[in-house]
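Here are some comments to read alongside the model. They go through helices, their packing and the aromatic pairs.

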Number of protein chains: 2
Amino acid sequence: MTTTTPRLSIGEVSERTGLTTHTLRFYEQEQLLVDPVERDSAGRRLFTEQDVEWLRVCTKLRSSGMPLPDIRRYVELFREGPQTVQARFDLLRAHQERVRAQVAELQSALDVIDHKVDFYARRMAAGTAETLWRNGPECDESANG
Amino acid sequence: MTTTTPRLSIGEVSERTGLTTHTLRFYEQEQLLVDPVERDSAGRRLFTEQDVEWLRVCTKLRSSGMPLPDIRRYVELFREGPQTVQARFDLLRAHQERVRAQVAELQSALDVIDHKVDFYARRMAAGTAETLWRNGPECDESANG
DNA sequence: GCTTGACTTCGAGTCGGCTCGAACTCCTAA
DNA sequence: TTAGGAGTTCGAGCCGACTCGAAGTCAAGC
């Protein structure tokens with residue numbers, strides 16, 4: 001039972017991950033992949049399914065704002081073996097906290113926005129229901145629309 | 001009863017809003033303020049409390065990723081008067097949706113991160129409890145740390 | 001009269017993360 | 001044998017939102 005691991009071209013990886021081929025080359029150059037990418041006889045990149053899996057995780061880290069240097073560091077630690085488990089944990093924990101903070105920040109902004117949207121919705125409803133508006137022409141909340 | 005509206009220096013506004021004086025000047029130049037900022041005899045900016053209030057809203061819009069051109073547009077509409085209420089509403093609604101999407105995206109990234117953090121936590125707990133690890137030296141999830 | 005400190009203008013620089021384009025090499029299929 | 005298409009390298013360019021620095025003005029206090 002000889003299982004040959006299939007390899008993927010950069011185009012295939014691009015399709016599977018949603019990253020452009022440009023970005024994939026860039027990521028490789030930035031050392032964001034766990035191990036060096038193989039090449040075929042013509043020098044073309046041969047990716048593995050594991051690369052794809054990792055790139056998917058990578059995408060999550062990126063979309064949650066982890067900087068490339070941190071991702072590189074994480075990958076580096078991974079390569080160094082099991083003795084870096086604590087360090088990897090710490091790195092992820094720190095990021096986890098940042099993302100939570102970011103969600104909280106967005107939520108707080110969203111509260112303000114929701115409130116304003118609501119205000120305008122009411123105002124428009126009132127404006128169409130009874131065209132007469134008794135508080136004068138510009139009655140925005142706190143005078144800022 | 002003559003109520004003189006007090007004016008604030010750029011430094012005071014900076015303190016109250018958390019924006020640097022550099023940024024405040026930049027925002028003025030980018031037309032993000034509702035009305036033109038007054039100046040004293042020496043050419044120094046005189047802000048109003050309303051400016052501060054608006055800047056606080058502005059900060060929320062920014063922290064939730066609204067681009068400066070959109071904010072400028074919003075302010076512009078506001079200046080144009082009540083007939084732009086629908087347009088302002090639309091603008092805010094669109095942003096609201098973007099922010100919600102962004103929160104969802106972060107949340108989905110957070111799920112992955114939480115899962116990984118959890119994985120490492122367990123692994124470390126196991127590693128310290130019984131130093132022997134029966135599945136070999138590198139048993140990361142799906143082989144990617 | 002001199003320093004201090006907050007202000008002014010202007011234009012240039014920074015940063016991260018792509019994004020693009022030029023010029024080239026291969027392989028395949030008609 | 002020639003055209004197409006997917007790949008390669010390299011370096012430059014872009015974007016938004018600041019951020020900084022130089023050089024100058026002004027008013028108050030010592």
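1. Turn after helix 2, chain A. Q31(A) comes just after helix 2 of chain A and has a positive phi of about 60°. Helices here are DSSP runs of H or I with at least four residues, strands are runs of E with at least two, and both are numbered from the N terminus.

2. Ground rules. This is a predicted model, in which local features need pLDDT of at least 70 and side-chain atom pairs count only at pLDDT 80 or more, while totals for chains, interfaces and linings use all residues. Residues are numbered from 1 along each chain as its sequence is written, chains are lettered from A and ligands numbered from 1 in the order in which they are written, and side-chain values use heavy atoms, with hydrogens and water left out.

3. Buried face of helix 2, chain A. L24(A), Y27(A) and E28(A) are buried in this helix. Buried means under 20% relative accessible area, exposed over 50%, and partly exposed in between, with a 1.4 Å probe and protein chains only. The buried residues cover an arc of only 100° around the axis, which puts them on the same side of helix 2 of chain A. The arc is taken from the directions from the helix axis to the C-beta atoms. H22(A) and Q29(A) are exposed on the other side of helix 2 of chain A.

4. What covers that face. The cover of the buried residues of helix 2 of chain A includes helix 1, strand 1 (38-39), strand 2 (45-46), helix 3 and helix 4 (68-80) of chain A. Contact means heavy atoms within 4.5 Å.

5. A charged residue on the buried side. Is E28(A) buried or exposed? E28(A) sits in helix 2 (residues 21-29) of chain A. Its relative accessible area is 19%, so E28(A) is buried. Leaving aside neighbours within four places in sequence, E28(A) is in contact with L33(A), V37(A), R39(A) and R45(A).

6. Helix 1 on helix 3, chain A. The axes of helix 1 (residues 10-17) and helix 3 (residues 49-63) of chain A come within 10 Å and cross at roughly 35°. Axes are lines fitted to C-alpha atoms, for helices over the stretch in contact, and angles run from 0 to 180 degrees between N-to-C directions. The crossing of helix 1 of chain A and helix 3 of chain A is right-handed. A crossing is right-handed if the near helix is turned clockwise from the far one by less than a right angle, and left-handed if anticlockwise.

7. Who meets whom. From helix 1 of chain A, V13(A), R16(A) and T17(A) meet E49(A), V52(A), L55(A) and R56(A) of helix 3 of chain A. The residues of this contact comprise three nonpolar, one polar and three charged. Ala, Val, Leu, Ile, Met, Phe, Trp, Tyr, Cys and Pro count as nonpolar, Asp, Glu, Lys and Arg as charged, and the others, Gly among them, as polar.

8. Helix 1, chain B. I10(B), V13(B), S14(B) and T17(B) are buried in helix 1 of chain B. They span an arc of only 105° around the axis, which puts them on the same side of helix 1 of chain B. The buried residues of helix 1 of chain B pack against helix 2, strand 2 and helix 3 of chain B. After helix 1 of chain B comes G18(B), with a positive phi near 80°.

9. Helix 2, chain B. The buried residues of helix 2 (residues 21-29) of chain B are L24(B), Y27(B) and E28(B). They fall within an arc of 100° seen down the axis, so they line one face of helix 2 of chain B. H22(B) and Q29(B) are exposed on the other side of helix 2 of chain B.

10. Aromatic pairs. How many aromatic pairs does a search of the whole structure find? There are six over all chains. The rings of F26(A) and Y27(A) have centres 6.1 Å apart and planes at 45°, so this pair is tilted. Rings of Phe, Tyr and Trp (its six-membered ring) pair if their centres lie within 6.5 Å; planes under 30 degrees apart count as stacked, over 60 as edge-to-face and the rest as tilted. F26(A) is partly exposed at 36% relative accessible area, whereas Y27(A) is buried at 8%.

11. A pair in chain B. F119(B) and Y120(B) form an edge-to-face pair, 5.3 Å centre to centre with 65° between the planes. F119(B) is buried, with a relative accessible area of 18%. Y120(B) is buried at 0% relative accessibility.
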